[in-house]
Amino acid sequence: MISYKGHRAIKDERDEQRLFENRAWIGFVVIALCILALLGRYVWLQVFAYDSFSTRSENNRVAVTPVVPNRGIIYDRRGRVIAENRPAYRLEIVPEKVPGKQQGLEALLDELSTLIVLDEDDRAAFHQSRRDYRVFDSVPLKFNLSEQEVARFAVNRHRFHGVDVVPYLSRHYPYGELLTHVLGYTGRLDADDISSVDEGNYRGTRTIGKIGIEKFQEKELHGTSGYERVETNVRGRVLKVLERQDAVPGTDLVLSIDVAVQQVAWDALGDRPGSVVAIDPVDGSVIALVSKPAYDPNAFVGGISQQAYSEILSAPGRPLFNRALNGGYEPGSTLKPFVGLAGLELGVVTPETRVFSNGKFYIEGYDRPYRDWKDMGHGWVNIRSALEQSVNTYFYQLSMDLGIDRMHDYLAQFGFGSATGIDVPGEGKGLLPSREWKRAALNEPWYPGETVIAGIGQGFNVVTPLQLANAVAALVNGGNLFSPRLLYASKQAGVERAKRIRAPSELQIPIRDPQNWQTILDGMDLVVNGLRGTARKVAVDAHFRTGGKTGTAQVYQLAAGKKGNQEEVAEHLRDHALFIAFAPVEAPRIAIAVVVEHGGGGSTAAAPVARATLDAWLDQELERELQP
Amino acid sequence: MKRWLPAWVGAPRLDPVLLILLLLIAGFGLTALYSASGQDMAMVTRQAMRLGFGLVLMLIISQVPPRVLRAWTPWLYGLGVAMLLATLVLGVGRSTQRWLDFGVLRFQPSELMKLAVPMMVAWYLHSRVLPPSVKSTAVTFAILLIPTLLIYRQPDLGTALLVAASGVFTLYLAGLHWRVLFGFAGLATAAAPVLWLVMKEYQRNRVRTFLNPEADPLGHGWNIIQSKIAVGSGGVTGKGWMNGTQSNLEFIPERHTDFILAVISEEFGLIGVSLLMLAYLMVIARGLYIASIARDTGSRLLAGALSLTLFVYVLVNGGMVSGVLPVVGVPLPLISYGGTSAVTLLAGFGMMMSIYGHRKFLR
């Protein structure tokens, strides 16, 4: 048996007692020292590192959440709600809280799709948005959940960590496609949007104005974000609100659009693509701005699926295209009043100057005929009768006498060839040709023949319906060219009364002799009310007197010498029908431009649309004036 | 008068000093639990009933003379090892096999070993010459290693550690030579890499997390970080009872069980922690005093070993909560929510009271 030092052979109680006490004392001292060392650790944590841990504890506890302002409501001129906010629910995910990284997230989305309708587009949009949000931000997956979806999710909520149903206010457009090309819509906030706004103010905002008024007035409509300092538990559930800074709701806007008039114009266009723009010449406010066909903006609010989007893209008539703002049309004869005014004001002709129309016009030295629409011609005409019967020869001669340079410069004053500056994005500029333009754009000299057809609004001329309506407004209000306004009034949150917004009067067109202007208006009056007027139907049973001018934009050049019968030409090759008008002639309250694509003649297709629109506006205006 | 009860049943033999200290700690524990459970009175009541059951058990055991306890010891140890083997075969529990289900009662045999191992070692060494010979030492190691390894297999690192410690402490108090002690300490250090190899993955993760909690602040490091934040933000005076935000907002994991000290540190501050540590130290000191006045070798070793084991609880739990030791499942004695641990501890204190009650009166 191996023995080592200190080992005894016999039990000795006293020795053992002493040995034990010895060991117990050493043990106790070591224990006391260990516990002191442990307490040292607590001293370090609780005294020396207190500030740092205290801050981290506070950060744990308190979360600052943004309070999203309610988006401003939009009304029409008569106080009808045209864009509102409706309570809705959306599903949001904090991807970082989902267990299992990317695969976990995919599995979670699979699982969620058994409870809510979730297609590939929703997933793609979600992954897209993820990149635009900060780490630990809640990323929207699906907007506008149905009640059933909300209920199904609520029951299964415990299965989904990091997923939540969030109540919010969803944008809704009660008039749907009728006002799409005016209002635009709001959609999912993306990276491009974030870079264009104050990010701090959009912390909680999930949607933003994408086009139309919603985009143009985004700043006004959005309002100012508030915040809430809340105490949350480890799962992020809010337990207590510590401090709250309320959001300032967006400004409510009143548009100058009159939905009733808009509706009449929309209906009057029927199934044909086209556009109607009506402006109050007194203040430049836009009464109706129709572009047909359109699409339902509500489909875009919660994010549109790829399939639905391609359906809209491929729909006949290109519903996404805003014809009123951006449709480029040859003005045709609707340009004649302006060319005529140029001739009078620049002293090239007088109201009494006469021209003989024999059906064909030749430029000296050339043998190509420029035709009147009447084969035999109209005989002797002055400016009034030339407008009344739309006599091309008069304007061929006049434009030759004016020359392209003077014609361009004068017409430019009416806003042709440049944007009107309306308060909605996406406006086209049209084209007012000039010698310089042709040299720059086509690198070709200007030919005299081009001057001739420019005088009847053909050739290179391109106008938008908005430009045309605005030019008519300036023509009838004494040369005051407005930047047309859609915003009529605005009411900030907390303010009792809405504030009227007025269009800036940008340009007063110089007037040499008011009689010249009156002469043109008289000519346009004859178009509707004269014995040989081209739009006499407009006057039938009207409660007011209208002035106007028909026009035809050529889509397909008929072979020279042949008079085309529009009824025999294929629909898509038929001419566009145009009509401009103003009423009442004595004191105009509305200026209008109508384009009916492939409608044929201006008097048959476009003029009735204008008449219906004028009726809708003026009848209620007259009624209002009769009321005390 | 004819007695129908065993002769050793008589007037309560209780150490009033130890009893008061234990009641103070348990009472403080219930107070802390009320806050840690989110003012769940049902939970507090349940824990109070368990403590009550433990105290009754303590009173009963305190009546049993040390020699009777010693007579039961081999049977108890044998039963414990048998049940551990049974747990391995047919245990219930989440991922680990720790529980034996007796239908009405679910029992954790490893808890029993916390008492049975020091009892068995003390029983064995009681009649041996001390300091222990090489043979005695070897047998002692066998006694403590069998259950330790079985428990480690379950796997329950914390309990294995406590069981092994209780056996080693008995040997230490029996006077095992320093050279041997340090030799084993050195061997254990050298064996650490081997231990790493045989560790389960979750155990390795705990060690990794312990070494660098900030590397994975949302995964495994979360517990340690949140616990440290709770402790540190408590400061010197604490946030006040039921005002701990880390605790009430549920940032502290296992806040009513293993991490209840974090709640105490947050709400009662350094002062509260120091007072609690002082109370534990006083219990240990009282235990060692009882051991020193014990009537025989076995009682002396048992009382001493139980006292020193209490220290392991406190040190490991306190170290874990403050982030200086890895997370192993060791509860804070008499305070952490949970039945078995409290009952085992109180049964152990019952034996110490019995030893106190049957102390020698002459020195």
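Colleague: How far should the 16 residues of helix 21 of chain A span at 1.5 Å a residue?
Modeller: They should span 22 Å, and the end C-alpha atoms are 22 Å apart, so the two agree. The expected span is 1.5 Å times one less than the number of residues. Helices (H or I, at least four residues) and strands (E, at least two) are DSSP runs, numbered from the N terminus.

Colleague: Any ground rules?
Modeller: This is a predicted model, where local features need pLDDT of at least 70, side-chain atom pairs count only at pLDDT 80 or more, and totals for chains, interfaces and linings use all residues. Residues are numbered from 1 along each chain as its sequence is written, while chains are lettered from A and ligands numbered from 1 in the order in which they are written.

Colleague: Which residues of helix 21 of chain A are buried?
Modeller: Among them are A:W517, A:I520, A:M524, A:L526 and A:V528. A residue is buried if 20 or more other C-beta atoms lie within 10 Å of its own, exposed if 12 or fewer, and partly exposed in between; C-beta atoms are placed from the backbone.

Colleague: And what covers them?
Modeller: The cover includes helix 14 (336-345), helix 15 (383-389), helix 20 (465-476) and strand 21 of chain A. Cover is counted by contact: two C-beta atoms, placed from the backbone, within 7 Å.

Colleague: Where is A:G530 found?
Modeller: In the loop between helix 21 (514-529) and strand 21 (547-553) of chain A.

Colleague: Is A:G530 buried or exposed?
Modeller: Buried, because A:G530 has 20 other C-beta atoms within 10 Å. A:Q389 is 141 residues from A:G530 in sequence, yet their C-alpha atoms are 9.1 Å apart in space.

Colleague: Which sheet does strand 21 of chain A belong to?
Modeller: An open sheet of 5 strands, order 12-11-23-22-21 in chain A, with antiparallel pairing. Strand 12 (286-292) and strand 21 of chain A are the edges, each pairing on one side only. The twist averages 10° from one strand to the next. Two strands pair if DSSP finds at least two bridges between them.

Colleague: How many bridges join strand 21 and strand 22 of chain A?
Modeller: 7 bridges, in the antiparallel sense; strand 22 is residues 576-583. A:T552, for one, has A:A577 of strand 22 of chain A as its bridge partner.

Colleague: What does helix 10 of chain A lie across?
Modeller: Helix 10 (residues 259-269) lies across strand 11 (274-279), strand 12 and strand 23 (590-596) of chain A, at about 30° to strand 12. Axes are lines fitted to C-alpha atoms, for helices over the stretch in contact, and angles run from 0 to 180 degrees between N-to-C directions.

Colleague: What is the strand order in the open sheet of 3 strands?
Modeller: 1-8-9 in chain A, antiparallel. Strand 1 (62-67) and strand 9 (238-245) of chain A are the edges. Strand 1 pairs with strand 8 (residues 226-232) of chain A over 6 bridges.

Colleague: New topic. How many residues of chain B are in contact with chain A?
Modeller: 45 residues of chain B, against 39 residues of chain A. Helix 12 of chain B gives the most to chain B's side, with 12 residues. That side has 24 nonpolar, 18 polar and 3 charged residues. Ala, Val, Leu, Ile, Met, Phe, Trp, Tyr, Cys and Pro count as nonpolar, Asp, Glu, Lys and Arg as charged, and the others, Gly among them, as polar.

Colleague: How many helices and strands are in chain A?
Modeller: 22 helices and 23 strands. Of the 628 residues of chain A, 44% count as buried.
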